Amino acid sequence: MITAVLSGFALAIAAPGIVRLARGASGWLLALLPAALTLYFVRFLGSVAAGQTVVVSYPWVPDLGISISFYLDGLSLPFALLICSIGALVIVYAGRYLQEHPDLGRFYIYLLMFMASMLGLVLADNVILMFIFWELTSLTSFLLIGFEHEREGARSSALQALLVTGSGGLALLAGLILLTQVGDSAEFSVLIRGERTIQQHPLYLPILLLILIGAFTKSAQFPFHFWLPNAMEAPTPVSAYLHSATMVKAGVYLLARLSPVLGGSEAWHYLVTVAGATTMLLGALVALWQRDMKRILAYSTVSALGMLVLLLGLDTVLSIKAAMLFLLTHALYKGALFLVAGVVDHGAGTRDVMRLGRLAHAMPITTVASGLAALSMAGLPPMLGFINKELLYEAKLQAPRVAALVTGAGVMTNVLLVAVAGIVGLAPFFRHHANLPQKPHEAPPAMLVGPILLGGISLLCGLFPEAIADLFLSGAVSAVRAEVTTVELKLWHGINPIFGMSILTLTAGVVVYNLRGFFYRIGWRADAISRWGPQRWYTLLLMGLNNLAVVQTRLLQNGYLRFYLVIIIVTTVGLVGSALLLRGERIATMNGLSDVWPHEWIIAAIILAAALMAVMTPSRLAAAAALGTIGYSVALLYVFFSAPDLAMTQFAVETLTVILFVLVVYRLPRFVPLSSLRARIRDALVALLAGGMMTALVLTAMAVFRESHLSSYFVENSWTQANGRNVVNVILVDFRALDTLGEITVLAVAAIGIYALLRLRLEKPRQ
């Protein structure tokens, strides 16, 4: 599995070369990898359906409990299959859709990296490893959404998606760290076996809230839903891939994965259910008055994600069955419809549903693919969507709380989605009126294979639902429920109340479809209201953040080194001083300094006097002499405390420094004070604070006796391991070799720079 994940990153590196060599066939060649990965994961269908799991783990940072571990079970396997199979179709599609684009190679780099990141996310067993892939999907989706970076819309939408999902990622990281601390493990497989014991911990609610923020931002739940429709600035292959089975489903995957750990509580039920129901209704309603096919599909995706979250919040056996089936159903029809939107744009020159019509004759294959996907979305037999819709109603009718309200919201949402399916999947092909910018034509095979396959699979799964129940759903439901669960699916259950609800949904959906002109007319009013919604909050927060950054930059980064030093010193004193006070550390008193010899006091007094002279004298030469006095006095302390090698180094450095200072000062103009008295008083106070803090730290260290094993270690090993009797030299040269090498490198670079400056000669101006 590690090879499966890393292969996507490896192919991404090679993609530009393959595009240059293969040209028009590059999409077919690059799609061989995800197709092969699909076949690789198909091999595990039987064993995973039988209840087996595959675990691969290698230690990474064992002291922190972080390992490179992957976990293939009934939940991660369907996600991996969808990611790889739909990824292969999208890669083939993109090769033709962007054939003339000069940056096609760069596009494939981003797309393959995104695919590999998403695959690593759903397969990761270690929570920290999962989070790394989680953030990689945010970064690569940022690059994909902003692929056409010369457009302002693409840049702003990409930034918006990154900021929203990235902010949620920070909350998620905090929640995952708390989860690992409370659960005493960083592996999902271990946490799941804890049997919800984490819910009794006092930190359960903060953990739940932080993880839900991360999941809701990623899966576009209200009030974080606005970034997803704006991401339609991306090319159509990106929209099809991100919205069908990958990025927007990452939050749903995380909720499903952690459902055995965090689910089942009152907080889980109300938070997840309310967010899902609100998103479900809002997305379906707003989709009705959109005119761009991609935006209609985007808002219907928001609605579908809300439905998935709602089902996970109900946390019953039936709701989990319905959620796992809807995961597959939505990936099939939504992927097909997004690809159809690109085909229509390519063949008819527009995606405006008010202008599209009469495309069935010119684009027959696209019409069939779009019709199959639209029928599945509307929930008509014998499509998989029909089976899914009936299971959705059954699950909502048996909701543990307010079943009537949940069912009513579900019926209303499905009514709206039936109308949306007609608007986006049928009307462009069978509408009598059309105003097309160009003569429509059918798309090439590379752009048709994806929609036809996805629509055809929806039909086959509807005709033979037992196969998916055995191979996909039973294992997925068992993984989410953390108990063996058998799923049975049938196309026909007879005449019953649920079938009656399906008839009602279809009838009402047709009525809403015929009233679509009314929704278009009121759409501008709804858009005006929505401008004060979460999107407006995001804009205001971003403006406030930018204004704060401007003010902060003026205060903290004004270009003067002395202000930088003051800020650094004051911040350090504040943090360290408050820590000392809060911890109540004991400070050594004068009684602990009784063993100080008189000559040591004299040297300390000389150092203090020289320091005062260095900062107060108006003579640069006197200041240089005072600094030399400080250095020589410190060297004397080294001598008295049996460190002759350090003393020799200090004497040499101070002598050289004083000589250089004197040579430089000799050529400088007369000293003129540039700072005011007020500034000098301020600097003196800051300096006294820093000195006082360092004194307090030293006295605190002297007051606390801790046995050190380092001294004995170096004494015992200096000769045996480093062949040196001078412990200090051995530490510098052997035990701290890289540190010393770094210091030497810095000095060498500085010396080269100084030599270059000394050799610099200004050219004479030409006459």
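**Exercise 1.** In this predicted model, decide whether aspartate 184 is buried or exposed.

*Solution.* Start by finding the residue: aspartate 184 sits in the loop between α8 (152–183) and α9 (188–192). Next, take its relative accessibility, which is 70%. The cut-off for exposed is over 50%, so aspartate 184 counts as exposed. While you're there, check the backbone: phi of aspartate 184 is near 60°, a positive value in a residue other than glycine. For context, most residues other than glycine have a negative phi.

**Exercise 2.** Now do the same for alanine 220: is it buried or exposed?

*Solution.* Alanine 220 is in the loop between α10 and α11. Its relative accessibility is 0%, and buried means under 20%, so alanine 220 counts as buried. Its phi is positive too, near 55°.

**Exercise 3.** Which peptide bond leading into proline 223 is cis, and where does that proline sit?

*Solution.* Look at the bond from phenylalanine 222 to proline 223: omega is near 10°, which makes it cis. Proline 223 is placed in the loop between α10 (204–218) and α11 (227–230). There's another cis bond to look up, joining proline 381 and proline 382, with omega about 5°. Proline 382 belongs to the loop between α17 (364–378) and α18. As background, most peptide bonds are trans.

**Exercise 4.** Work out how the axes of α15 and α18 are oriented where they cross.

*Solution.* First, the geometry: the axes of α15 (residues 293–314) and α18 (residues 384–397) come within 11 Å and cross at roughly 40°. That angle makes α15 oblique to α18. The crossing is left-handed. Finally, pick out the residues in contact: α15 supplies Met307, Leu310, Leu311 and Leu314, while α18 supplies Leu392, Ala395 and Lys396.

**Exercise 5.** Describe how β1 and β2 are put together.

*Solution.* Strand β1 (residues 54–61) pairs with strand β2 (residues 66–72) in the antiparallel sense, over seven bridges. Follow the chain from one to the other and you'll find a hairpin with four residues between the strands. At this end, valine 61 stands opposite isoleucine 66. In the turn, glycine 65 has a positive phi of about 75°.

**Exercise 6.** Which residues touch the most other members of the largest nonpolar core?

*Solution.* The core holds 199 residues, and Phe41 and Leu262 touch the most other members. Helix α16 (residues 317–348) gives the most to this core, with 21 residues. Now zoom in on phenylalanine 41: beyond its neighbours within four places in sequence, its contacts include Ala4, Leu72, Leu77 and Cys84.

Notes
Residues are numbered from 1 along each chain as its sequence is written. This is a predicted model: local features need pLDDT of at least 70, side-chain atom pairs count only at pLDDT 80 or more; totals for chains, interfaces and linings use all residues. Side-chain values use heavy atoms; hydrogens and water are left out. Two strands pair if DSSP finds at least two bridges between them. Helices (H or I, at least four residues) and strands (E, at least two) are DSSP runs, numbered from the N terminus. A nonpolar core is a set of buried Ala, Val, Leu, Ile, Met, Phe, Trp, Tyr and Cys residues joined through side-chain atoms within 4.5 Å. Buried means under 20% relative accessible area, exposed over 50%, partly exposed in between (1.4 Å probe, protein chains only). Contact means heavy atoms within 4.5 Å. Axes are lines fitted to C-alpha atoms, for helices over the stretch in contact, and angles run from 0 to 180 degrees between N-to-C directions. Angles under 35 degrees count as roughly parallel, over 145 as roughly antiparallel, 65 to 115 as roughly perpendicular and the rest as oblique. A crossing is left-handed if the near helix is turned anticlockwise from the far one by less than a right angle, and right-handed if clockwise.
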